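Q: Could you take a close look at one strand and its partners, and then carry the account on to the interior and to any enclosed space? Please state the cut-offs as the terms come up.

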Amino acid sequence: MSEYIIVTDSSADLTQELVEELGISVLPLSFTIRGTTLEDHPDKRNMSSKEFYQLLRDGETSTTAAVNMQQYMDLLDPVLSGGKDVLILSFTSGLSNTCQASMMAAAELREKFPERRIEVVDTLCASAGQGLLVWCAGKKRLAGESLDAVRDWCEDNKMKVCHWITVNDLMHLKRGGRISATTAWAGTLLQIKPIIHLDDQGKLDTVDKARGRRAALDYLVNKVADTAFEPREQTVFLSHSDCLEDTEYIAQQLKEKCGVKDVKICDIGPVIGSHTGPGCAVVFFFGQPR
C-alpha cells in the first residue's frame with residue numbers, strides 16, 4: 001500500500017495542535033485587511049484571531065480571494081515527487097471555488113506524475129465541520145487505513161456532518177450585503193438572533209431565529225440532543241469568532257444535557273470570519289437530518 005498524506009485548506013479552522021496530531025498538510029487561504037493580504041495559517045503566524053476580530057469591531061473590513069490552481073500545485077508537487085499519494089479534503093463547493101481549483105490542479109499533476117494517485121473529496125462542509133471530517137479521516141489514516149478506505153468513508157459520511165450556527169452581529173451581516181438594513185436594525189432592536197445551517201448543497205441557509213443570545217446558544221445544544229447519532233460516543237467540534245465564553249457555555253451544556261464526553265474548540269479563522277463577523281458560534285456533529 002502506497003504512503004499518502006491528507007491535504008485540506010485553512011477554512012477547516014483546525015488548530016495547530018490538531019494539525020500536528022493528524023500529520024496533515026494545510027493550504028493557507030488568504031484574506032485582505034487594511035490593504036494588506038495575509039495568509040491564514042493554523043498557527044495564526046500572520047495575525048491572531050483576537051487582533052483580527054478587534055479590527056472588525058473597530059470598523060475595518062476584510063475580504064477574501066479565490067484560491068488558484070497554482071497554489072495547490074506548489075504544495076503538492078514536492079509531495080508527489082517524494083513518492084507519496086494525496087487525498088484532498090476540500091472546502092465546500094457551495095461557498096467557494098477552492099474545490100474546483102484543487103480538482104484542476106489534481107488533473108494536471110496526474111499527467112506529470114502518472115504513477116501517483118491524487119483523490120479529491122468535496123466535503124460540502126465548512127469551518128470546523130470540514131475540520132471534523134478531516135480529523136476523523138486523519139485518525140483513520142494514522143490507524144493504517146488505505147487512501148481508498150478513507151476517501152470512501154469521507155464520501156459516505158460527509159452528508160452526516162451537521163453545522164448549526166448563530167451570529168450575534170447583524171450589522172456585520174448588513175455590511176456584507178447578506179441581510180437588509182431594515183432587517184438588521186429591527187433584529188438588533190428586538191435581540192433577534194438568526195439560526196443558520198449548512199444545507200445538502202453545502203450552502204448557508206437561515207432556517208429559524210431565536211430571541212436573545214442565550215436562547216440561540218441553547219437552540220444549538222438542542223439540535224445536538226435531537227438529531228445527533230449517539231452523542232455520548234461522539235467528539236463534537238465547536239468553533240467561534242472571538243466569543244469563547246459563549247462557546248464554553250455550549251460545551252458545558254453538551255456535556256450536561258447530551259452526555260458528550262469530548263469537545264474540541266477551534267477559532268473561526270479570518271477566511272470564514274470575514275463573512276460571519278465577530279460573535280459567531282457553531283456546533284458540528286454527526287447526525288440526521290443534516
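**Strand 8 and the interior**

A: Strand 8 is covered on both of its faces, with V161, H163, I165 and V167 buried on one side and C162, W164 and T166 buried on the other. This is a predicted model, in which local features need pLDDT of at least 70 and side-chain atom pairs count only at pLDDT 80 or more, whereas totals for chains, interfaces and linings use all residues. Residues are numbered from 1 along each chain as its sequence is written, and side-chain values use heavy atoms, with hydrogens and water left out.

Spanning residues 161-167, strand 8 has seven of its seven residues buried, where buried means under 20% relative accessible area, exposed over 50% and partly exposed in between (1.4 Å probe, protein chains only). Strands (E, at least two residues) and helices (H or I, at least four) are DSSP runs numbered from the N terminus. Strand 8 runs antiparallel to strand 13 (residues 280-286), to which seven bridges join it, and H163 has F284 as its bridge partner there. Three bridges join strand 8 to strand 9 (residues 192-198), also in an antiparallel arrangement, with T166 partnered by I195; strands count as paired if DSSP finds at least two bridges between them.

Turning to the interior, the largest nonpolar core (buried Ala, Val, Leu, Ile, Met, Phe, Trp, Tyr and Cys residues joined through side-chain atoms within 4.5 Å) has 46 residues, and L14 is among those with the most contacts inside it. Helix 5 (residues 127-142) supplies the largest share of this core, seven residues. Another core, of 24 residues, lies apart from it and includes A210, Y219, V260 and A281. Beyond its neighbours within four places in sequence, L14 is in contact (heavy atoms within 4.5 Å) with V19, L22, I24, P42, G131, V134 and F237.

L14 also helps to line the largest cavity, together with residues including D13, V19, P42 and K44. A cavity is a set of points on a 1 Å grid over the protein atoms alone where a 1.4 Å probe fits but cannot get out, and lining residues have an atom within 4 Å of a point. The volume of this cavity is about 60 Å³, and the structure holds one cavity of 30 Å³ or more. K44, in the loop between strand 4 (36-40) and helix 2 (49-57), is partly exposed because its relative accessible area is 21%.

Note on methods:
1 Å grid on protein atoms, 1.4 Å probe; cavity = no way out; pocket = protein on both sides within 12 Å on 5 of 7 lines; lining within 4 Å. Points joined across faces, edges and corners; volume = space filled by probe spheres on them.
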